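Reader: Please take me closely through one part of this model, namely its strand pairing, and then through whatever you can say about enclosed spaces and cysteines.

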Amino acid sequence: MAQTRVEQPDRNLTNQVQTSPTVTLPSVFVSDLRHFLDMPDDAPAPARRMAAHLARIVEAGTDSPSGEPTQSSNRCTRRPGRRRCVGLIEVVRFDVPPSIKWWCPVCGDEGVVSGWEGSPFDQRGASPDVDGNVDALRGLLDSSSGGPLVEGVPRISGRWRITETELWDQDAMELAGPAIIEFGSDDTGSFRFVAIEAWMDVRHSDRSGPPGVEFTWQGHDEGDPTSGRGWASLAPNGSLSGRIFIHLGDDSSFVAVPEASTSHGGNDVVHPRRHR
């Protein structure tokens with residue numbers, strides 16, 4: 001009777017397979033610019049920021065010779081480790097088939113843009129008019145996160161004194177000291193009111209109208225960890241109005257004025273330790 005030989009696996013090979021490190025392949029963002037040229041006025045802010053990012057890439061790619069890699073002046077929009085990437089986007093255009101490849105040499109973010117030929121952002125020659133929100137998209141090139149700012153375009157910044165809230169009176173607001181909200185130049189900030197002390201991750205608004213911000217925050221409330229989100233916009237009288245949301249808790253509108261326009265005592269706002 002014939003015997004069947006059963007091959008035993010190589011234990012060394014098995015161990016090598018089991019202990020091999022996991023390899024994460026980079027993802028490439030493939031996009032068609034035409035999909036971003038007719039966005040509605042109420043399109044989400046992240047989509048509008050991405051549209052502006054791609055439009056800047058197309059302008060840089062079509063302003064250089066085909067096949068020649070070029071470093072643009074456009075900042076990377078990624079925030080690895082909650083810190084803005086310091087890289088400048090590099091681009092290269094290919095005319096057959098038409099495409100623009102872009103990448104960040106610092107964080108590795110990369111993508112390919114198609115559908116840009118003949119668009120208002122094609123710098124190779126006169127571009128025909130197209131339907132859609134092109135004027136608004138052009139405005140985003142200078143006001144959205146990650147792009148250069150036109151001189152004179154206002155942004156919310158500095159320290160503001162919170163003078164009014166929907167839920168708390170003045171005594172409650174200043175339980176731990178002067179009620180303050182502050183916006184830095186690096187898209188971070190902090191605030192303190194009632195017993196909450198927190199730091200913020202800030203995004204400046206890219207919509208038409210008065211300057212505004214959206215932010216998420218985390219901090220502590222009488223020593224207990226807490227977090228949430230919020231928004232604020234500049235009112236015609238120069239004050240700041242917005243709303244702060246506490247995760248799984250209250251939310252309240254607030255009004256703030258530039259700190260220089262108020263007189264108060266007390267210590268500076270405390271910047272709590274950031275949790276990584």
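Author: Strand E4, which covers residues 98–103, pairs with E5 in the antiparallel sense, and 4 bridges hold this pairing. Two strands are said to pair if DSSP finds at least two bridges between them, and strands (E, at least two residues) and helices (H or I, at least four) are DSSP runs numbered from the N terminus. The model is predicted, so that local features need pLDDT of at least 70 and side-chain atom pairs count only at pLDDT 80 or more, while totals for chains, interfaces and linings use all residues. Residues are numbered from 1 along each chain as its sequence is written, and side-chain values use heavy atoms, with hydrogens and water left out.

Within the E4–E5 pairing, Lys101 has Val112 of E5 as its bridge partner. The two strands form a hairpin with 6 residues between them, and Gly108, which lies in the turn, has a positive phi of about 90°. E5, which spans residues 110–114, also pairs with strand E1 (residues 29–32), here in the parallel sense and again over 4 bridges. In that pairing, Phe29 has Gly111 of E5 as its bridge partner.

A second set of strands lies further along the chain, where 8 of them close into a barrel in the order E6-E7-E8-E9-E10-E11-E12-E13, with antiparallel pairing. Inside this barrel, E9 (residues 196–204) and E10 (residues 212–221) run antiparallel and are joined by 9 bridges, and Ala198 stands opposite Gly219 of E10.

Two strands of the barrel lead to an enclosed space. A search of the whole structure finds 1 cavity of 30 Å³ or more, a cavity being a set of points on a 1 Å grid over the protein atoms alone where a 1.4 Å probe fits but cannot get out, whereas a pocket is an open set with protein on both sides within 12 Å along at least five of seven lines, and lining residues have an atom within 4 Å of a point. The largest cavity holds about 30 Å³ of space, and the residues that line it are Ile162, Thr165, Trp168, Phe193, Ile244, Ser252, Ser253 and Phe254. E6 (158–165) and E13 (251–258) each supply at least two of them, and E13 gives the largest share, with 3 residues. By class, the lining has 5 nonpolar residues, 3 polar and no charged.

The second largest pocket holds about 220 Å³ of space. Of the 12 residues that line this pocket, Met50, His53, Thr77, Arg78 and Asp109 lie nearest its centre, and helix H2 (residues 45–62) gives the most to the lining, with 4 residues. This pocket lining divides into 4 nonpolar, 3 polar and 5 charged residues.

The cysteines call for a careful reading, since the structure holds 0 disulfides, a disulfide being a pair of cysteine sulfur atoms within 2.5 Å. Cys76 has its closest cysteine sulfur in Cys107, but forms no bond with it because the two sulfurs are 3.7 Å apart, which is too far. For Cys85 the closest cysteine sulfur belongs to Cys104, at 3.6 Å, and this too is too far for a bond. Cys76 is buried, with a relative accessible area of 1%, and Cys85 also counts as buried, at 4% relative accessibility, where buried means under 20%, exposed over 50% and partly exposed in between (1.4 Å probe, protein chains only).

Note on methods: Points joined across faces, edges and corners; volume = space filled by probe spheres on them. Nonpolar A, V, L, I, M, F, W, Y, C, P; charged D, E, K, R; others polar.
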